[in-house]
Structure formats: structure tokens, C-alpha cells
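I opened my notebook with a simple plan: follow the strands, then the core, then the ligand. Here is what I looked up along the way.

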Amino acid sequence: MTDREIGAVSASNRAPHRAAMIVRIRTMTEADLGDVLAIERASFSSPWTEAMFLAELRENPFARFLVAMLDDAIIGYVGGWVIVDELHLLTLAVLPEYRGLGVARRLLERLFKNGEGRIVKASLEVRRSNRAAIAVYERFGFRAVGVRRGYYADPREDAVLMEWASAPTARAGRPD
Ligand SMILES: CC(C)(COP(=O)(O)OP(=O)(O)OC[C@H]1O[C@@H](n2cnc3c(N)ncnc32)[C@H](O)[C@@H]1OP(=O)(O)O)[C@@H](O)C(=O)NCCC(=O)NCCS
């Protein structure tokens with residue numbers, strides 16, 4: 001399977017000057033980490049360090065990390081672990097000025113495809129106060145299934161545990 005994908009992303013009312021953007025999704029490499037870390041720091045109160053990304057990219061055979069490119073610029077990324085047919089989502093972020101344009105949705109779609117269509121279940125944790133992210137995940141089909149008390153630090157906060165499962169009919173129709 002190629003790791004490149006072309007997709008048109010419609011602009012929202014928040015960015016009416018961007019009638020359409022051509023966003024390319026590809027696998028994250030170590031060379032991307034400068035840009036990725038800048039987005040990470042702009043997005044999270046407890047950002048991942050370079051060492052954390054490197055450990056995933058270099059040492060974890062289950063890690064799948066993708067970046068979204070607009071021309072030559074990285075505008076978002078997603079990462080997770082794919083273990084057989086299950087995905088655990090670890091991180092997802094989009095540059096603030098490109099949010100609301102469908103970039104996260106495309107990253108998620110591509111990450112699920114990276115499982116070669118075999119992903120039947122997915123899970124994630126998200127800060128309880130992160131309404132934007134929870135909305136994105138709900139739009140994608142995740143549902144809240146529980147709470148992990150005090151899961152996050154800086155600031156301390158509960159995590160909402162969310163899960164996604166493929167429809168039974170789709171599962172029955174899988175080619176394997
Ligand atoms: C969460 C985040 C990744 C979303 O990225 P994005 O590119 O703006 O999301 P998208 O434009 O792809 O939105 C996907 C869907 O969620 C909806 N959505 C996005 N932001 C929303 C918001 N703030 N409120 C309500 N719904 C929202 C969109 O309407 C869209 O629905 P649609 O596909 O039916 O149009 C982005 O806000 C971000 O980087 N936040 C900071 C980092 C973060 O919190 N990451 C998640 C950690 S768990």
C-alpha cells in the first residue's frame with residue numbers, strides 16, 4: 001500500500017479565503033520532528049518530547065505515525081499503535097490556523113486505512129475538557145465508554161475513554 005494520499009479538503013466559514021486545499025498524507029519520518037514538535041507545543045499543555053516521538057518511530061513496530069502536508073509544510077499529524085486489528089490512538093494535532101478544515105478527519109481516515117482495512121476496534125483517551133477533540137472523535141464514530149479519574153497531569157484532569165468498533169456487517173464482509 002502506498003503511504004501517499006491526495007485529498008481535497010473543503011474550507012469552512014472560519015477560513016473563507018481557502019476555497020479548497022490539497023492535503024497529502026504520508027508516513028512521519030525523523031526529519032519531520034522539528035515541525036511536528038512545533039505543532040505539538042502549540043497544541044498541548046504537556047507536549048511530547050522529541051525522545052518520545054523518536055522512541056515510537058525507531059523502536060516500536062506497532063507505531064503508525066502520519067503527517068498531513070500542505071505543499072511542503074506539515075500542518076498536522078496523528079499517531080497510534082496498530083496491533084493486529086486494533087488501533088490505540090496516541091496523538092492527533094493540527095496547526096491552529098488550519099483547524100476546522102477536515103485535516104484531522106483525513107488523518108484519522110488514513111490511519112484507519114493503514115491498518116489495511118483490518119481494524120475492527122479502536123480506543124483513545126482525551127481530556128474531559130477538550131470539547132473540540134471529543135466532537136471530532138464523535139463525528140468519526142467514537143463513543144465515550146468510561147472515565148479514567150485523574151489520568152492527566154499539567155493540569156490534572158480526568159480522561160474520557162472512547163471506543164470505536166466497525167459495524168458487524170462490515171466485519172463479516174472483510175476479505176480475510
Ligand atoms: C482536535 C483537532 C485535532 C481537530 O482538528 P481539525 O482538523 O480542526 O478537525 P476537523 O476539521 O477534521 O474536524 C472533524 C470533524 O469534527 C468537527 N469539529 C472540529 N472541531 C470542532 C470543534 N471545535 N467543535 C465542534 N466540532 C468540531 C468538525 O465539524 C468535523 O466534522 P465534519 O467532518 O462533519 O465536518 C484540533 O482542534 C487540534 O489540534 N486540537 C489541539 C490538539 C488536541 O486537542 N488533540 C486531540 C488530543 S486527544
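Which residue in the turn between β4 and β5 has a positive phi? I kept in mind that this is a predicted model. I found V84 in that turn, with a positive phi of about 55°. The hairpin that β4 and β5 form has two residues between the strands.

**Entry 1: the hairpins.** I stayed with β4 and β5 and noted that they run antiparallel, joined by eight bridges. For a landmark I picked Y77, whose bridge partner in β5 is A93. Then I stepped back to β3 (residues 63-70) and β4 (residues 73-83), which are antiparallel and joined by eight bridges. M69 has I74 of β4 as its bridge partner. These strands form a hairpin with two residues between them, and here D71 in the turn has a positive phi of about 55°.

**Entry 2: on to β6.** I next asked how β5 meets β6, and found that they run parallel, with three bridges. L87 pairs with A122 of β6. On its other pairing, β6 joins β8 (residues 157-165) in the antiparallel sense through seven bridges. There I saw V126 opposite V160 of β8.

I also checked which way the β6 side chains point. They alternate: A122, L124 and V126 are buried on one face, whereas K121, S123, E125 and R127 point to the other face and are not buried.

**Entry 3: the core.** In soluble globular proteins, nonpolar side chains tend to be buried together. So I turned to the largest nonpolar core, which has 36 residues. L66, A68, Y77, V103 and L107 touch the most other members. Among the elements giving two or more residues to this core are β2 (20-27), α1 (33-43), β6 and β8. The most comes from α3, with six residues.

I took a closer look at L66. Beyond its neighbours within four places in sequence, L66 has contacts including I25, M28, Y77, V78, L107 and L111. R26 and R110 are also in contact with L66.

**Entry 4: the ligand.** My last stop was the shell of 18 residues around the ligand, where R99, A104, R105, A132 and A135 come nearest. Two or more shell residues come from each of β5 (86-94), α3 (103-114) and α4 (131-140). I noted α4 as the giver of the largest share, five residues. Sorted by class, the shell holds eleven nonpolar, four polar and three charged residues.

Conventions. Residues are numbered from 1 along each chain as its sequence is written. This is a predicted model: local features need pLDDT of at least 70, side-chain atom pairs count only at pLDDT 80 or more; totals for chains, interfaces and linings use all residues. A residue is near a molecule or strand if its C-beta atom, placed from the backbone, lies within 6 Å of it. Helices (H or I, at least four residues) and strands (E, at least two) are DSSP runs, numbered from the N terminus. Ala, Val, Leu, Ile, Met, Phe, Trp, Tyr, Cys and Pro count as nonpolar, Asp, Glu, Lys and Arg as charged, and the others, Gly among them, as polar. Two strands pair if DSSP finds at least two bridges between them. A residue is buried if 20 or more other C-beta atoms lie within 10 Å of its own, exposed if 12 or fewer, and partly exposed in between; C-beta atoms are placed from the backbone. A nonpolar core is a set of buried Ala, Val, Leu, Ile, Met, Phe, Trp, Tyr and Cys residues joined through C-beta atoms within 7 Å. Two residues are in contact if their C-beta atoms, placed from the backbone, lie within 7 Å.
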